[in-house]
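Dear colleague,

I am handing over the structure we spoke about, and it is shown just below. My notes on what was found in it follow, and I would be glad if you read them with the model open beside you.

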Amino acid sequence: MATVFPPEFAALEPFADWAVPTEKARYAKRIASTMDELDAFYNTAFPLLRDGTEYLQGVSMADISEPDKHLLWLFCALVTVAFSVEAWRQPRVPDTGAASIDAVFEPAV
Amino acid sequence: MAHFKKPEAGSWTEHLKIGTEPVSYEDSISPGHYERERDAIFRRTWLNVGRVEQLPKRGSYFTKELDAAGTSIIVARGMDDEVRAFHNVCRHRGNKLVWNDFPREETGGVCRQFTCKYHAWRYDLEGKLTFVQQEQEFFDLDKERYGLKGVQTDVWEGFVFVNLDDENTVPLREYLGEFAKGIEGYPFHKMTQAHKYRAEIGANWKLFIDAFAEFYHAPILHAGQYVSDEARKIQKYGYEALHYDIDGPHSMVSSWGGIAPPHDRSMVKPIEGALRSGLFGPWEFPDIGVSTDDLPPAINPTRDKRWGMDSFVFFPNFMLLIWRPNWVLTYHYWPTSYNTHVFEATCYFVPPENAFQRLQQELAVVSFKEYGLQDGNTLEATQAMLESRAVGEFPLNDQEVLLRHLHQTARQYVRDHEQRTA
């Protein structure tokens with residue numbers, strides 16, 4: 001299988017399906033996942049984000065490469081998944097039933 | 001015990017000369033009252049419909065559905081660079097002029113002219129009728145008389161406003177008053193990285209403004225967003241603002257700093273610690289050419305060192321939040337009936353230079369959304385029970401002073417309009 005992330009982040013390859021380009025789709029994937037799936041993703045990705053500050057600061061948005069783009073999308077997904085893992089302990093925001101707030105415009109990465 | 005100083009009068013509510021008695025929300029549950037608001041407010045006042053960055057070049061345009069005012073408009077930048085707005089209606093047979101696929105959905109793009117889908121009548125970007133299909137079949141048709149119907153349009157600090165009242169004589173700047181004057185010069189134009197959200201909310205438009213015009217609810221409704229020690233601490237302290245003020249129909253609250261950056265790292269969630277960001281924004285501030293101490297005078301009006309953000313309500317439905325970490329959030333509440341509205345939120349940042357900054361912004365945006373989902377769903381529950389009319393009077397505390405002001409203002413507009421037209 002082709003790798004999609006920079007070599008330093010090879011451990012993320014099994015979670016390549018989290019490299020989703022839009023916030024709306026990332027949130028949809030989060031609420032369609034189980035807590036076990038979210039925990040597994042978080043447990044692998046979070047330490048790489050925590051220790052990856054310097055790498056990410058070196059990635060210029062002006063000429064971002066394809067592997068870095070995928071990495072950024074995946075970490076954007078981690079941001080949204082972190083709410084389920086760190087705060088809610090469930091995929092959906094509690095007491096939000098059918099409520100939705102949808103991204104209608106966001107910066108292209 | 002108060003943690004922040006209140007005015008001499010003893011409370012913000014009394015200081016601002018607003019009554020302290022319990023209030024009724026009949027104005028939020030009555031279809032009849034909503035119809036009166038449409039006439040008195042949404043067809044008469046200046047409404048913010050977007051930003052100039054949405055019209056980057058000559059020929060750029062977007063449409064805006066103004067259900068409460070009973071119309072749709074086209075906002076366009078002309079070949080002379082002027083921003084204009086028109087009612088989105090063809091002068092021939094009344095078809096909606098600009099739309100794609102679904103007539104009630106908003107659209108935008110770049111064009112040289114507007115062509116009606118029905119009979120191909122064409123209008124230039126200044127609204128002039130330039131082409132009539134089989135013109136010779138008409139009877140003495142004077143094209144000069146059939147241009148698009150214009151709407152009063154003006155721009156304040158890059159925010160595009162329209163006023164649907166042809167007889168309106170109050171200029172935009174005068175309408176926006178002292179707060180707007182005191183914000184002028186803030187570098188909104190540097191914050192071009194926009195994330196925009198939209199939600200259909202099952203509640204009266206004023207009830208959602210209420211939810212964001214007080215932070216008394218934050219320690220309770222949003223408790224789960226904090227690590228548990230912090231949640232307990234915040235609930236014990238409750239919430240007090242630094243400052244409240246009103247200017248005619250508009251109002252503002254100035255708030256302390258929250259967590260950007262936090263004084264105690266243990267009070268933030270792991271993702272916030274890793275990205276050095278959160279609801280209040282990235283802990284490192286981008287350079288916007290002006291320091292926190294030198295912001296325009298209406299922002300952090302008390303010049304308090306603990307300042308974190310200001311939230312302005314420009315009546316009727318435009319909320320502008322300016323955050324200490326140099327970013328901006330706007331809210332708009334577009335009524336679609338007495339108990340529904342479309343809510344829009346847009347986060348504006350200085351464009352990120354690197355991937356880390358991009359993620360810091362993502363965390364601020366997603367935090368807003370998680371909070372907003374809690375707020376939005378609570379509102380549907382509130383609307384439903386207010387409509388039961390089982391209870392008709394509700395007390396409001398001093399940290400909810402802006403709610404009283406909003407509802408009083410809206411009712412006053414309805415009364416004044418009815419007196420004028422009686």
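Where chain A and chain B meet, the contact takes 37 residues from chain A and 30 residues from chain B. On the side of chain A that touches chain B, at least two residues each come from α2 (35–50), α3 (53–57), α4 (66–88) and β1 (102–105) of chain A, and α4(A) gives the most, with 11 residues. Sorted by class, this side of chain A has 23 nonpolar, 8 polar and 6 charged residues.

Please keep in mind that this is a predicted model. The predictor gives the complex an ipTM of 0.97 and a pTM of 0.94, and for chain B the mean pLDDT is 92, with 94% of its residues at 70 or more. As a general caution, predicted coordinates should not be read in detail where pLDDT is low.

The two chains are also joined through strand pairing, since β1(A) pairs with strand β11 (residues 193–201) of chain B in the antiparallel sense, over 3 bridges. Within that pairing, Phe105(A) has Lys196(B) in β11(B) as its bridge partner.

Turning to the interior, the largest nonpolar core has 133 residues, and those that touch the most other members are Leu74(A), Leu78(A), Ile74(B) and Phe208(B). The largest share of this core, 13 residues, is supplied by α4(A), the helix that also gives the most to the side of chain A that touches chain B. From chain B, the core draws at least three residues from each of domain 1 (12–40 + 185–421) and domain 2 (47–169). If you would like a single residue from which to start looking, Leu74(A) is in contact with Leu12(A), Phe15(A), Trp18(A), Ala19(A) and Ala45(A), leaving aside its neighbours within four places in sequence.

The domain assignment of chain B gives those two domains, with domain 1 made of two segments, 12–40 and 185–421, and domain 2 covering 47–169. How far apart do the C-alpha centres of domain 1 and domain 2 of chain B lie? The separation between these centres is 32 Å, and 10 residues of domain 1 of chain B are in contact with 8 residues of domain 2 of chain B. On the side of domain 1 that touches domain 2, the largest share, 4 residues, comes from strand β16 (residues 327–337) of chain B, and the residues of that side divide into 5 nonpolar, 4 polar and 1 charged.

With best wishes

Methods: Residues are numbered from 1 along each chain as its sequence is written. Chains are lettered from A and ligands numbered from 1 in the order in which they are written. This is a predicted model: local features need pLDDT of at least 70, side-chain atom pairs count only at pLDDT 80 or more; totals for chains, interfaces and linings use all residues. Two residues are in contact if their C-beta atoms, placed from the backbone, lie within 7 Å. Ala, Val, Leu, Ile, Met, Phe, Trp, Tyr, Cys and Pro count as nonpolar, Asp, Glu, Lys and Arg as charged, and the others, Gly among them, as polar. Two strands pair if DSSP finds at least two bridges between them. A nonpolar core is a set of buried Ala, Val, Leu, Ile, Met, Phe, Trp, Tyr and Cys residues joined through C-beta atoms within 7 Å. A residue is buried if 20 or more other C-beta atoms lie within 10 Å of its own, exposed if 12 or fewer, and partly exposed in between; C-beta atoms are placed from the backbone. Domain bounds come from an automatic or database domain assignment. pLDDT is the predictor's confidence in each residue, from 0 to 100.
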